[in-house]
Amino acid sequence: LLAFSQTEDASGERRRMTSRTVQSFRKPGFLSPVGLCLIINNENFTDGTKRSGTNKDAGILAEVFSWLGFRVLMCTDQTQDQMDQVLKYLASPRDHSQAPIHGDAFVCCILSHGKQGVVLGIDRKPLSIKQITRTFKATDKSALTGKPKLFLIQACQGKQIQHGVLLKDLEDDDSPSPFIPEEADVLVAIATVEDYAAIRHKIDGSWFIQSVCQQLKEGCQRHEDITTILQRVNDEVSQKEASSKPGAKKQMPEVRFTLRKRLVLSP
């Protein structure tokens, strides 16, 4: 396990992230990582509550992305400010003296509580999902400009419970610029649509993250692109039932992206 680098808070004071809170995993024998995968795993909150089952999600995410050749950085029990600072550090300009070394892609997984449009630190303070993604917007100094940036977020987006609806008679309908938009090449996959709760088992982990990892294991070996894989996740999670009464408690993940090209991750 490698200790994480230093980050800098708003007052300019240096803080060293210890191996207790930040860990690094690398695929054995893999000398040139595809990129960095950050996992923020918030389990123990300052109000005494605990997100049981989240370590199951964090563990399988680390396993799968390490298998895919990513260097995985694990941050546990982060406050809002700590989450913000580690994200800003990883988005540091390439000419920054302590800028991280990025590969061909960046993945950010956040496992926490949440509300509409935000995720919560262990201090229950919100960090907006929009702010998280815009931290990595394209600039002429960013090492990630033109490279895919994936955000997988396991957090409630409200307190409402989704219900099922019985389907009846429905069918499915089946010159280059040298500049790219600042918010190009981003994909955000959230466990649930706005206003609703995301379901997490206290032992087996969350529906969303467990499905993402299983579908990545299967789809990447078939050389499928990430949007195809996440579409399967949407379908799988949508079919799950959290109540003995069919349709009483459902979940629908949401994927949105500005990717300009197909993204295929190969083990």
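A cavity here is a set of grid points where a 1.4 Å probe fits but cannot get out, and a lining residue has an atom within 4 Å of such a point. In this predicted model, the largest cavity is lined by F65, L150, L152, V212, I226 and L230. Two elements, β10 (149–154) and α5 (226–238), each hand over two or more residues to that lining. By class, the lining of the largest cavity comes out as six nonpolar residues, with no polar and no charged ones. As for volume, the largest cavity comes to about 30 Å³.

Next up is the largest pocket, with a volume of about 370 Å³. Its lining runs to 20 residues, and I129, K130, T133, V188 and R256 are the ones that lie nearest the centre. At least two lining residues apiece come from α3 (129–134), β11 (186–190) and β14 (254–257). Of the elements, α3 chips in the largest share, with four residues. The class make-up of the largest pocket's lining is a mix: six nonpolar, six polar and eight charged residues.

Zooming out, the protein is built with five helices and 14 strands. Of its 267 residues, 46% count as buried, meaning under 20% relative accessible area. The protein exposes about 14000 Å², and 49% of that exposed area is down to carbon and sulfur atoms.

Note on methods: Residues numbered from 1 in each chain as written. Predicted model: local features only at pLDDT ≥ 70, side-chain atom pairs only at ≥ 80, totals over all residues. Heavy atoms only, no water. 1 Å grid on protein atoms, 1.4 Å probe; cavity = no way out; pocket = protein on both sides within 12 Å on 5 of 7 lines; lining within 4 Å. Points joined across faces, edges and corners; volume = space filled by probe spheres on them. Nonpolar A, V, L, I, M, F, W, Y, C, P; charged D, E, K, R; others polar. Buried < 20%, exposed > 50% of the residue type's maximum accessible area, 1.4 Å probe, protein only. Areas by Shrake-Rupley, 256 points an atom, 1.4 Å probe, with all protein chains shown as cover.
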